[in-house]
Amino acid sequence: MPIAVNVVYAVLAFILGSVIGSFLNVVILRTPEKMSIVTEPSHCFSCGHRLAWYDMFPIFSYLLLRGRCRYCGEKFSPRYMIVELMTAVLYCFSYLMFAVFQPADWWKIAFSAVLFPVLIVLSMIDIDRFEIPYWCSAVMAALGIAAIFVFPNDIVWYERLIAMGVILILFAVLVLIGGMGGGDLQLMLGASLLLGYRVFAGLLVGIICGAVYGSIKKFRDRNAEKELSERIFKLVNKWYEDQLDNGVGFVTDGKSDIIVGSISDGAPDIEWEFLDEKVWQGLPDKSALSRMLREKITDEREGGFKIHISGDRVAKVKYSRRMVFGPFLAVGIAVSWFAGSYIVNWYASLF
Ligand SMILES: [Zn+2]
């Protein structure tokens, strides 16, 4: 194709992407609340003024209004613009990758047009709510099943299934080590159907990005985590003293146990996964401790803690903030969709 035509198509892909991205913002905000994504008109969250079409022009409205509401001047979060920009860039890049830099493959472009919105939506919802919507992984799996018929020469169907099985085994380990959850597993199972053996390149990229971010986050959060561990320690200590004084439930002298708890959506809760229930004499007053934590700790959003109890004293409390993995896995899946075969071939060439 002549260069001018390619440029026009690339610009059109960018514009289409920005419009889709603007719709994704609505999906990210409304689907977790089970709100309709169609009927309700968009309005400013601050003043409630209904937004006109020229206020919702993707990317450009945000830049023109310098990120503020035209009516009340309230600042909008730049993430709406970022979502629009990301979708636009990925649409444009998909066109370049699959129609310009190589012989045009319109199926690959059509798959990209579905895949990237799903990756962006699940990343944002995971950041907001620490969960990956089930339907996002289902769409990924549906793309994988469609790929068996659309790209029969690309990766054979049983290779996709083998990749899925290996991912299942790998995740059994990753979930045990900690950090990854069931939502991450569902996502990667869907991705393995779509990507076949290339999913491992994606997983590797995702884990590397996640580990880099994780270490930065650990360093940044170290004071907050330490302070929260101390606060929980004090509360648990008081609760345990009451337990001992009133002879309710306590750990046998010379033995120890760990109680696991978590803070989810700002609400602390004890999960009561005793590692060793037999060392307890009497049943601990679970609701009293849960209530105490819920009343006193209200300023922390997501995390997990472990309470070490040794005989008649609380030995240690360790709190760690939760980290999202979805966005990093999404980056891995995107890289693998574009360049998975190159990465796998390069890796194989090392041996
Ligand atoms: Zn407003």
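User: In this predicted model, which residue lies over the face of phenylalanine 151?
Analyst: A charge is taken to sit over a ring if NZ of Lys or CZ of Arg is within 6 Å of the ring centre and within 35 degrees of the ring normal. In this predicted model, the face of phenylalanine 151 has such a partner at 5.1 Å from the ring centre. The residue that lies there is lysine 108.

User: Over which ring does the charged end of arginine 222 sit?
Analyst: The charged end of arginine 222 is placed 4.0 Å from the centre of an aromatic ring. The ring over which arginine 222 sits belongs to phenylalanine 219.

User: Which residues form one aromatic cluster?
Analyst: By the rule that ring centres lie within 6.5 Å, the count comes to 13 aromatic pairs. Phenylalanine 151, whose face is covered by lysine 108, is one of the residues in the cluster. The cluster is formed by Phe93, Phe98, Trp107, Phe111, Phe116, Phe151, Trp337 and Phe338.

User: Why do the rings of phenylalanine 98 and tryptophan 337 count as they do, stacked or edge-to-face?
Analyst: The ring centres of phenylalanine 98 and tryptophan 337 are 6.0 Å apart, and their planes meet at 70 degrees. The pair links distant parts of the chain, with phenylalanine 98 in helix H3 and tryptophan 337 in helix H10 (residues 326-349), 239 residues apart, and both residues are buried. Because planes over 60 degrees apart are given that name, the pair of phenylalanine 98 and tryptophan 337 is edge-to-face.

User: In which helix do tryptophan 107 and phenylalanine 111 both lie?
Analyst: The rings of tryptophan 107 and phenylalanine 111 have centres 6.4 Å apart and planes at 80 degrees, so this pair is edge-to-face. Phenylalanine 111 has a relative accessible area of 5% and is therefore buried. The two residues are four residues apart, about one turn of the helix, and that helix is H4 (residues 106-129).

User: Is aspartate 128 buried or partly exposed?
Analyst: Aspartate 128 belongs to helix H4, and its C-alpha is 9.4 Å from that of leucine 29, although 99 residues separate the two in sequence. Its relative accessibility is 27%, while buried would require a value under 20%. Aspartate 128 therefore counts as partly exposed.

User: What geometry does the site of the zinc ion have?
Analyst: The protein donors of the zinc ion are the SG atoms of Cys44, Cys47, Cys69 and Cys72, which lie 2.3 to 2.4 Å from the ion. The angles among the four donor atoms run from 104 to 117 degrees, and four donors qualify for the assigned class if all angles lie between 85 and 135 degrees. The site is tetrahedral.

User: How are the donor residues of the zinc ion spaced in sequence?
Analyst: Cysteine 47 lies in the loop between helix H1 (3-30) and helix H2 (60-64), whereas cysteine 72 lies in the loop between H2 and helix H3 (79-100), 25 residues apart. Cysteine 47 has 36% relative accessibility and counts as partly exposed, and cysteine 72, at 37%, counts as partly exposed too. Taken along the chain, the donor residues are spaced C-x2-C-x21-C-x2-C.

User: Which side chains of strand S5 point to the buried face?
Analyst: The side chains along strand S5 (residues 303-310) alternate, with Gly304, Lys306, His308 and Ser310 pointing to a face where they are not buried. The buried side chains, pointing to the other face, are Gly303, Phe305, Ile307 and Ile309.

User: Which residue in S6 stands opposite phenylalanine 305?
Analyst: Strand S5 is joined to strand S2 (residues 256-264) by eight bridges and runs antiparallel to it. Eight bridges also join S5 to strand S6 (residues 313-321), again antiparallel. S5 and S6 form a hairpin with two residues between them, and glycine 311 in the turn has a positive phi of about 60 degrees. The residue in S6 opposite phenylalanine 305 is tyrosine 319.

User: Is phenylalanine 130 buried or exposed?
Analyst: Phenylalanine 130 is found in the loop between H4 and helix H5 (134-150), and has a positive phi of about 55 degrees although it is not a glycine. With a relative accessible area of 12%, phenylalanine 130 is buried.

Key. Residues are numbered from 1 along each chain as its sequence is written. Side-chain values use heavy atoms; hydrogens and water are left out. Donors are N, O and S atoms within 2.8 Å of the metal (3.2 Å for Na, K and Ca); water is not among the atoms, so sites may look incomplete. Four donors count as tetrahedral if all angles lie between 85 and 135 degrees; four count as square planar and six as octahedral if opposite donors are over 155 degrees apart and all others between 65 and 115; anything else is irregular. Buried means under 20% relative accessible area, exposed over 50%, partly exposed in between (1.4 Å probe, protein chains only). Rings of Phe, Tyr and Trp (its six-membered ring) pair if their centres lie within 6.5 Å; planes under 30 degrees apart count as stacked, over 60 as edge-to-face and the rest as tilted. Two strands pair if DSSP finds at least two bridges between them.
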